[in-house]
Structure formats: structure tokens, C-alpha cells
Amino acid sequence: MSYIFRSWRKPILAHHKEIIDQTIELRKLMGWSGEGFITVGNLNPNGFITHLKSFDSLSDIDDHLSKAQSNKDVGKKISEMNSMCERYANIISEVIRPLSGISIDDMSDRKHLVQMWFKSKPGHRGDVLDILSASGWNLDGVEPSISMPLSSLDAGDIVMSVPIKSLSVMRTFEETRKNSSETISKLKDHIFGMNRSISNLIFD
């Protein structure tokens, strides 16, 4: 079992590039450089900048938070960054299924992160997880990871994530309908809807 700790920031437009640079600096202060990655939502309406790291357990996340809170430089950097943002949140997710076909620590040739967020109906989360796990869906030769935020999000409570080398591997509407019609048919009674996001990847 593993978990993802992901920080989300929606920068004020004038500070967009500065938040990217400051995120890289923050990750150095926290010892995260080279572990996980940064996403930049240039291709999404919400425009979030996020960064994340995987942990083996919730206890490891507790230890990280304790160290970060006691580090004055980290606290100062976070306050400076948040003053340039409209929104900020930390989200912890449980990894239900890891990536297959690529390691999260061997993604330097990937340029974008595609995520599908599913909003499951009450009591149907397990059904949605089972359907997605058995779907066999892949993109660019990689089966996506499946994770579940520990807290409720507007975007969805189950997310599939897959890194890609190029936007050219994205399927057209007709290709998606042909290849995913069976899965979509199975899901429709269990979800309220789905959102897709595409973000640029930065590795430090």
C-alpha cells in the first residue's frame, strides 16, 4: 500500500511563472527533488500548479509533516507562495493500483499527465474501482494508476492517472467511444460524471 501527498495551488495569473520556480525551491528545502514531479495546468481551465511525492504509509506522511512544520525556512517559503495564490490545498490519496508499464521514478521522458476524475454515487465506489481495474484501458502503452483521495473533492473521488510522451497519443472522440464503450456502459449506473485534465510535467 502506498499514498500520494500532493499540494495544489492556483496562482494569481501575474505570479504563474514565479510559483513554478518557487515550487522547485520548496521541493529542495523539503528534500523532495528527484522524487515525484510537478504538474502545470496550462491545458486546464482551472490552471492549478501541483507537486507530489509518494510515501509508503500514512505514518511516513505524519513524519514528513512534523519535520516540515518545524522547519522555519519551509514555513516561510509556503507562506510566500500562498500569498501569490488564489487557492491552496494539500490532498492525500491512497494508491489502489500503481502505474503498470512504467515506474513513477522513471518518467523523465513523459511530457504530460492525463487524469480522469470519477464522481461515484453513494455506496458505488467499490463498483467503480472494480470496473476501472478490470477495464484494461491504457494510453501510450501504460496502464494508469488508480487512486482515491482520503478527503472528498469536487473533481471526483476516484482518479486514474497516466503520463504520456506526446499529445499525439490522445485518442479522438470516435476512437474513445469505440475502445471504451463497454467500460462506459458499465460505469454509467455507478457515477454522476467524469472530468478529464491534462497537465504539463516538470521533473526536478
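In this predicted model, L187 touches F118, V128, I131 and L132, leaving aside residues up to four places away in sequence. L187 also belongs to the largest nonpolar core, which has 28 residues. Together with V114, F118, V128, L132 and I158, L187 is listed among the residues with the most contacts inside this core. Five elements each give two or more residues to it: strand β5 (112–120), helix α4 (125–134), and strands β6 (145–149), β7 (158–164) and β8 (191–202). A second core, separate from this one, has 17 residues, with F5, I20, M30 and I38 among them. Such groupings fit a general pattern: in soluble globular proteins, nonpolar side chains tend to be buried together.

Aromatic residues offer another view of the packing. The structure holds 5 aromatic pairs. In one of them, the ring centres of W32 and F55 lie 6.1 Å apart and the planes meet at 65°, so the pair is edge-to-face; the cut-off for that label is an angle over 60 degrees. This pair links distant parts of the chain, as W32 sits in the loop between α1 (16–30) and β2 (37–40), whereas F55 lies in strand β3 (residues 49–55), 23 residues apart. Are the two partners buried or exposed? W32 has a relative accessible area of 1% and is therefore buried; F55, with a value of 9%, is buried as well. Ring pairs further join F5, W32 and F55 into a cluster, and F5 is also a member of the second core. The ring of F55 has a charged partner too: the charged end of K53 sits over it, 4.3 Å from the ring centre.

Helix α2 (residues 58–70) rounds out the picture. With 13 residues at 1.5 Å a residue, α2 should span 18 Å, and its end C-alpha atoms are 19 Å apart, which agrees. Where along α2 do the buried residues fall? They include I61, H64 and A68. Viewed down the helix axis, the buried residues of α2 fall within an arc of 60°, so they line one face of the helix. On the other side of α2, K67, Q69 and S70 are exposed. The cover over the buried residues of α2 includes strands β1 (2–11), β3 and β4 (85–97), along with helices α1 and α3 (72–82). Strand β3, part of that cover, is also the strand that holds F55.

Notes:
Residues numbered from 1 in each chain as written. Predicted model: local features only at pLDDT ≥ 70, side-chain atom pairs only at ≥ 80, totals over all residues. Heavy atoms only, no water. Core = buried A, V, L, I, M, F, W, Y, C linked by side-chain atoms within 4.5 Å. Buried < 20%, exposed > 50% of the residue type's maximum accessible area, 1.4 Å probe, protein only. Helix = DSSP H or I, 4+ residues; strand = E, 2+ residues; numbered from the N terminus. Contact = heavy atoms within 4.5 Å. Phe/Tyr/Trp six-rings, centres within 6.5 Å; stacked < 30°, edge-to-face > 60°. Lys NZ or Arg CZ within 6 Å of the ring centre and 35° of its normal. Expected span 1.5 Å × (residues − 1). Arc of directions from axis to C-beta.
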